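This report describes the strand pairing and helix packing of the structure shown below.

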Amino acid sequence: MIRVSIQTEAFDIAAEAAMLERLGVGAVATFTGIVRADDGVTAIELEHYPGMTEASLSAICEEALQRWGLAGCTIIHRVGGMEVGEPIVLVLAAAAHRAAALEACAYLIDRLKTDAPFWKKEYRGADAVWVEAKASDTQRATRWD
């Protein structure tokens with residue numbers, strides 16, 4: 001089971017996890033990304049390429065299902081404006097055992113950061129700047145090659 005959603009509204013972590021728990025697995029690993037106030041950030045805005053983004057996230061999920069024998073995975077990514085402290089992304093991986101669920105969850109977020117077409121603008125008060133991809137994200141994702 002793969003669930004991918006790009007949405008403006010916040011998500012319900014417990015409800016999303018419960019959907020995967022109903023698959024009768026032994027473990028559901030989760031990752032929730034939150035808007036941080038790094039370097040004075042007051043808000044962010046995320047844009048994406050509709051259709052291409054969903055296809056990219058689905059492909060990442062398919063790879064995780066194959067590599068770790070997952071029963072299911074979920075990626076929910078928000079777009080639009082968000083304030084500091086709000087959730088941005090939710091990744092869940094369901095497997096028979098914790099090691100597979102945890103590794104797959106790490107893989108999903110690492111690959112999402114480098115392979116999905118999202119663009120982020122950070123606001124610091126009245127100033128706004130588009131954020132470049134981070135070399136550290138690219139380096140981290142290479143461990144899965």
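## The antiparallel sheet

In this predicted model, four strands form an open sheet with the order E5-E3-E7-E8, and their pairing is antiparallel. Strand E5 (80–83) and strand E8 (127–130) are the edge strands, each pairing on one side only. From one strand to the next, the twist averages 25°.

Within this sheet, strand E3 (residues 43–48) and strand E7 (residues 118–124) run antiparallel and are joined by six bridges. His48 has Phe118 of E7 as its bridge partner.

## The mixed sheet

Another open sheet of four strands follows the order E1-E4-E6-E2, and its pairing is mixed. Its edges are strand E1 (2–7) and strand E2 (27–34), each of which pairs on one side only. On average, neighbouring strands of this sheet are turned by 5° against each other, direction ignored.

Eight bridges connect E2 with strand E6 (residues 87–95), and this pairing is antiparallel. One of the residues involved is Thr30, whose bridge partner in E6 is Leu92.

## Helices on the mixed sheet

Two helices are described here in relation to the sheet E1-E4-E6-E2. Helix H2 (residues 52–68) packs on the sheet and touches E1 and strand E4 (72–78). The direction of H2 makes about 150° with that of E1.

Helix H3 (residues 98–115) also packs on this sheet, where it touches E2, E4 and E6. The direction of H3 makes about 145° with that of E6. Strand E4 is thus touched by H2 and by H3.

Definitions and conventions. Residues are numbered from 1 along each chain as its sequence is written. This is a predicted model: local features need pLDDT of at least 70, side-chain atom pairs count only at pLDDT 80 or more; totals for chains, interfaces and linings use all residues. Side-chain values use heavy atoms; hydrogens and water are left out. Two strands pair if DSSP finds at least two bridges between them. Axes are lines fitted to C-alpha atoms, for helices over the stretch in contact, and angles run from 0 to 180 degrees between N-to-C directions. Contact means heavy atoms within 4.5 Å.
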